[in-house]
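Below are my notes on the model you sent round. They are set out as numbered points, starting with the core and ending with the backbone.

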Amino acid sequence: MSTKPKLYYFAGRGKMESIRWLLAAAGVEFEEEFLETRDQYEKLLQDGSLLFQQVPMVEIDGMKMVQTRAILSYIAAKYNLYGKDLKERALIDMYVGGTDDLMGFILMFPFLSAEDKEKQRAIIVQKATSRYFPAYVKVLKDHGPDFLVGNNFSWADVHLLEAILMVEEKKADVLSGFPQLQAFKVRISSIPTIKKFLEPGSQRKPVPDDKYVETVRRVLRMYYDVKAN
């Protein structure tokens, strides 16, 4: 029996992508089972694998874990990406929470209409450049340029890099006014495990396309239209 974590989700980003990022950053190999049919999803429901009747779900260390934040916290703690003490852990939680807020503007983007996508793109860029990026520039200036927390690479760094790349997909030059974040991006991207994850052929998922959206809608029976924030 494999001891690798096994991830249950769609063949796309969504809420599972940050889990993939964190496992990859820790140098942990993992397996994936992609949900493609409603029957697969209902089987997980029927066998009790989905405590709150939702994915992502990760099998790890004999547990079937749901709730994205709980999964990420466990992985971060298990692989020493959660700071050295309670204070550092609190800071990591705070920075990850802020990054989550930014990612929230992007998560449902693929499910919007073409008109709403253009509105949401402007919102994403505005929020990133006026609220979130300046906050992380301040952190790096006050703390030191290498990492967001302490003297070591942490979950907070992984999460911020993921968010930066997501926003750049919406506006390629979005970091033009943020040299500290440009340097941060280069530095964190050069960490061997991250560099490997960013290379072609990794388990990192591409920008969600129409096939991904259709699969999610079909499996979860999403028959309503998502609205822009």
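1. Which residues in the largest nonpolar core touch the most other members? This is a predicted model, and in it the answer is Ile-19, Phe-133, Leu-148, Phe-153 and Leu-181. The core they belong to has 76 residues. Helix 6, which covers residues 155-170, gives the most to this core, with 10 residues. Both domain 1 (6-79 + 198-220) and domain 2 (86-191) give residues to the core, so it lies between them.

2. Phe-133 deserves a separate entry. Once neighbours within four places in sequence are left aside, Phe-133 is in contact with Leu-102, Ala-128, Ile-164, Val-167, Val-174, Leu-175, Phe-178 and Leu-181. One of these partners, Leu-181, is itself listed with Phe-133 among the core residues that touch the most other members.

3. On the division into domains: the assignment gives domain 1 as 6-79 + 198-220 and domain 2 as 86-191. Domain 1 is thus written as two stretches of sequence, 6-79 and 198-220. The C-alpha centres of the two domains lie 22 Å apart. Across the boundary, 20 residues of domain 1 are in contact with 18 residues of domain 2.

4. The database record should be read next to that assignment. UniProt, in an unreviewed entry, lists residues 85-209 as "domain: GST C-terminal". Over residues 85-209 the chain is 69% helix and 0% strand. The C-alpha atoms at the two ends of this stretch are 41 Å apart. Note that the bounds in the record, 85-209, are not those of domain 2, which is assigned as 86-191.

5. For the secondary structure, the protein chain has 9 helices and 4 strands. Read along the sequence, the pattern is β-α-β-α-β-β-α-α-α-α-α-α-α. The pattern therefore begins with a strand and ends in a run of helices.

6. How does the radius of gyration of the chain stand against that of a compact globule, and what are the two values? A compact globule of 229 residues would have a radius of gyration near 17 Å, and the protein chain has 18 Å, which agrees. Taken along the principal axes, the C-alpha atoms fill a box of roughly 50 × 45 × 30 Å. Of the 229 residues, 48% are buried. The chain exposes about 11800 Å², and carbon and sulfur atoms supply 53% of that area. Among contacts between residues at least 6 apart in sequence, 68% join residues at least 24 apart.

7. Arg-69 is found in helix 3. Is its side buried or exposed by the numbers? Arg-69 has 32% relative accessibility and counts as partly exposed, because the value falls between the 20% limit for buried and the 50% limit for exposed. Not counting residues up to four places away in sequence, Arg-69 touches Asp-93, Val-96, Gly-97, Asp-100 and Trp-155. Ser-18 is 51 residues away from Arg-69 along the chain, and their C-alpha atoms are separated by 9.7 Å.

8. Met-63 lies in strand 4, residues 63-66. Met-63 is also partly exposed, with a relative accessible area of 32%. Leaving aside neighbours within four places in sequence, Met-63 is in contact with Val-58 and Tyr-74. From Met-63 to Arg-217 the separation is 154 residues in sequence and 28 Å in space, C-alpha to C-alpha.

9. Some backbone features should be checked by eye. Most residues other than glycine have a negative phi, and most peptide bonds are trans. The peptide bond from Val-55 to Pro-56 is cis, with omega near 15°. Pro-56 is found in the loop between helix 2 (38-46) and strand 3 (57-60).

10. Gln-53, in that loop between helix 2 and strand 3, has a positive phi of about 60° although it is not a glycine. Gln-53 is exposed, with a relative accessible area of 58%. Asn-80 likewise has a positive phi of about 60° and is not a glycine. Asn-80 sits in the loop between helix 3 (68-78) and helix 4 (86-107), and at 68% relative accessibility it counts as exposed.

Technical notes: Residues numbered from 1 in each chain as written. Predicted model: local features only at pLDDT ≥ 70, side-chain atom pairs only at ≥ 80, totals over all residues. Heavy atoms only, no water. Buried < 20%, exposed > 50% of the residue type's maximum accessible area, 1.4 Å probe, protein only. Core = buried A, V, L, I, M, F, W, Y, C linked by side-chain atoms within 4.5 Å. Domains from an automatic or database assignment. Contact = heavy atoms within 4.5 Å. UniProt positions renumbered as here; feature names shortened; annotations may be inferred. Rg over C-alpha atoms; globule rule 2.2 N^0.38 Å. Areas by Shrake-Rupley, 256 points an atom, 1.4 Å probe, with all protein chains shown as cover.
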